Amino acid sequence: MRVFELTPEIIALLGVASVIAGFIDAIAGGGGLISLPALLSVGLNPVAAIATNKVQGSVGTASALWNFWRKGRVDFRLIRWPLVLVAIGSGLGAFAVTLVDTRWLMILLPVLLIGIALYFLLGPKAADEDAHARLTPLAYAFVAGGIGFYDGFFGPGTGSFFALSLVMLLGMGLTRATAHTKALNLMSNVVGIVVLAVGGHIVWVLAGIMAVGQFIGGRMGSHAAMRFGPRLIRPLLVVISLAMTARLLSDPANPLRIMIAGWLGL
């Protein structure tokens, strides 16, 4: 890890970034697009940045979840089995990331994010009314467990994946899916944090600074999601998915970018 000095400028940068990230994350997921680069910019190595980002991101997610729950938007009985399998999947994923090469995910992730953006942009309108569920909650638990494994293993886009799967497979309206996404995402993050904390990868002072901003942003974002519903959530899901794709492909070392450049002879 590169040595960094905790200056007022760094505190201000991380504070502002975490408020914005918490707001976006509460509505559409993808707040890590803002908070993770902010942590990397102050000198953390990637593993420490990812671990620290999970801690502060969990505070924003918990803040949003609490707000949704108080308004009666979360049914924990409905998702009790998905929560269990998300916890198992996240723990296995966090352990697996210490054993294998994750570079191949950098090829798959942009494709998945573009697919999510196209679904919400061109697919059936995801309204606030619930639709017919294609899976039972128990069957959906295995899908949620797979997303939990991905979150523990890598992470970016997890909120979008949960929201899309809840809409498509459990027939939830978009605001209700967003509320339940927070519960699933928080479970996944907490388990991942435990695994990463055991390895000593978390920088707690930075996590604490950003947790304050995440709490504020999460409350603001959840209020906005409940007030404006799909009018706000749907466009943000599209924008965040495409922005995360652009961010990933902006890295010259991204293997998918290298592959495309090779195909085009660049």
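Colleague: How many helices and how many strands does the secondary structure of the chain come to?

Modeller: In this predicted model, the chain has 11 helices and zero strands. Along the sequence, the pattern therefore reads α-α-α-α-α-α-α-α-α-α-α.

Colleague: Why is Asn53 called buried?

Modeller: The relative accessible area of Asn53 is 14%. Buried means under 20%, so Asn53 is buried. Asn53 belongs to helix 3, which covers residues 46-70. Buried residues make up 51% of the 266 residues in the chain.

Colleague: What makes the pair Asn53 and Gln56 a polar contact?

Modeller: The side chains of Asn53 and Gln56 are joined at 2.6 Å. The cut-off for such a pair of N or O atoms is within 3.5 Å, so the value satisfies the distance condition. Leaving aside residues up to four places away in sequence, Asn53 also touches Gly32, Ser35, Leu36 and Leu39.

Colleague: Why is Val84 called partly exposed?

Modeller: Val84, a residue of helix 4, has a relative accessible area of 38%. Buried means under 20% and exposed over 50%, with partly exposed in between; Val84 is therefore partly exposed.

Colleague: What makes Val84 eligible for a nonpolar patch on the surface?

Modeller: A patch residue needs over 30% relative accessible area, and Val84 has 38%. Val84 forms the patch together with Trp81, Ile88, Leu92, Leu138, Phe142 and Phe149, with about 710 Å² of accessible area together.

Colleague: Which helices each supply at least two residues of the nonpolar patch?

Modeller: Helix 4 (80-96) and helix 6 (137-153) do so. Helix 4 gives the most, with four residues.

Note on methods
Residues numbered from 1 in each chain as written. Predicted model: local features only at pLDDT ≥ 70, side-chain atom pairs only at ≥ 80, totals over all residues. Heavy atoms only, no water. Buried < 20%, exposed > 50% of the residue type's maximum accessible area, 1.4 Å probe, protein only. Polar contact = N/O pair within 3.5 Å; in protein donor to acceptor, adjacent residues only side chain to side chain. Contact = heavy atoms within 4.5 Å. Patch = residues over 30% accessible without salt bridge, like charges linked within 9 Å, V, L, I, M, F, W, Y side chains within 5 Å. Areas by Shrake-Rupley, 256 points an atom, 1.4 Å probe, with all protein chains shown as cover. Salt bridge = Lys/Arg side-chain N within 4 Å of Asp/Glu carboxyl O.
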